[in-house]
Amino acid sequence: MEYQPFDVKKAAAGFGADLAGIASADRFTEAPEGARPSDVLSSAASVIVLCCGFPLEAAEDNPEGYTAVRNMMVAKMNGIAQKLAKAVQKEGYKAETVPSVAASLTNGRYRGPISLKHAAVLAGLGRIGKNTLLVNERFGNMLWLSAVVTDMVLDPDPPAGYETCSPSCRACISACPAEALCGDEMSQQACLGHAFKTVGGKLEIQCWKCRTACPGFKGI
């Protein structure tokens, strides 16, 4: 039987990803030191960014329900990344996962091994909106991410060819109760202090207005 080349996007879809995009590791030159693909895997050549739509009904739920769906999405995206990494390894390549949520405090800001939303931009999966969230034409800002860093050389995807925010729009900025947004960046301290509370010993998300206020909330 003729050998069929390994298709990472087809494999990702088989594991449950709604979308997958590819960025070459050399696209991350503007990422801060310590948060580049080579910091995850020294021989990194490609980053496979994985995406699943966040159920829209979760945004209409209460904090407990929203938090439960968010935690489910974290587990789902981590599982997809782990399965894809194993599949890439079976092909004879190195692969490391970038978890959906894995943040450490560095220079006063929480950040993951690499920025998943910026990796998604480099992989052609969307643009960063004024709410500092990734916005995709199909899923809007209701999506969740994980990634696999590998030494497999893959053809990178082109940048998304659409814009997400009109120059005059301030919907998310105006809707933020913590005044954490300015259109260019987000104050982590202000956002986290308002949106995340401990209830009954468990962390609960209390606010996601920056998502639902966006005209591109459900897609663009």
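Two strands are said to pair if DSSP finds at least two bridges between them. That notion applies throughout this predicted model, in which K197 stands opposite E204 of strand β10. The protein has 7 helices and 10 strands. An open sheet of 4 strands, a helix of 28 residues and 1 salt bridge are among the features described below.

**Overall form**

- The C-alpha atoms fill a box of roughly 60 × 40 × 35 Å, taken along the principal axes.
- The radius of gyration is 18 Å, which agrees with the value near 17 Å for a compact globule of 220 residues.
- Of the 220 residues in the protein, 42% are buried.
- Among contacts with a separation of 6 or more, 73% are made by residues 24 or more positions apart.

**The four-stranded sheet and helix α3**

- The open sheet has the strand order β1-β2-β8-β3, and its pairing is antiparallel.
- Its edge strands are β1 (19-24) and β3 (95-98), each of which pairs on one side only.
- Neighbouring strands of this sheet are turned against each other by 20° on average, with direction ignored.
- Strand β1 pairs with strand β2 (residues 46-53) in the antiparallel sense over 6 bridges, and within this pair A20 stands opposite L50 in β2.
- Helix α3 packs on the sheet, where it touches β2, β3 and β8. The direction of α3 makes about 25° with that of β8.
- Helix α3 covers residues 63-90 and reaches 41 Å from its first C-alpha to its last, close to the 40 Å expected at 1.5 Å a residue.
- After α3 comes G92, which has a positive phi near 100°.

**The hairpin of β9 and β10**

- Strand β9 (residues 196-199) and strand β10 (residues 202-205) pair in the antiparallel sense over 4 bridges.
- The hairpin has 2 residues between its strands, and G200 takes a positive phi near 60° in it.

**The salt bridge**

- The structure holds 1 salt bridge, in which the side chains of K9 and D157 meet at 2.8 Å, N to O.
- K9 lies in helix α1 (residues 8-14) and D157 in the loop between β8 (143-150) and α5 (171-175), so the pair ties together parts that are 148 residues apart in sequence.
- K9 counts as partly exposed because its relative accessibility is 31%, a value between the 20% and 50% cut-offs.
- D157 counts as buried because its relative accessibility is 16%, and the cut-off for burial is under 20%.

**Positive phi in residues other than glycine**

- Most residues other than glycine have a negative phi.
- T132 has a positive phi near 65° and lies in the loop between β6 (127-128) and β7 (134-135). With a relative accessibility of 9%, T132 counts as buried.
- E179 likewise has a positive phi, near 55°, and is found in the loop between α5 and α6 (188-195). E179 is exposed, with a relative accessible area of 70%.

Conventions:
Residues numbered from 1 in each chain as written. Predicted model: local features only at pLDDT ≥ 70, side-chain atom pairs only at ≥ 80, totals over all residues. Heavy atoms only, no water. Salt bridge = Lys/Arg side-chain N within 4 Å of Asp/Glu carboxyl O. Buried < 20%, exposed > 50% of the residue type's maximum accessible area, 1.4 Å probe, protein only. Expected span 1.5 Å × (residues − 1). Axes fitted to C-alpha atoms, helices over the stretch in contact; angles between N-to-C directions. Contact = heavy atoms within 4.5 Å. Rg over C-alpha atoms; globule rule 2.2 N^0.38 Å.
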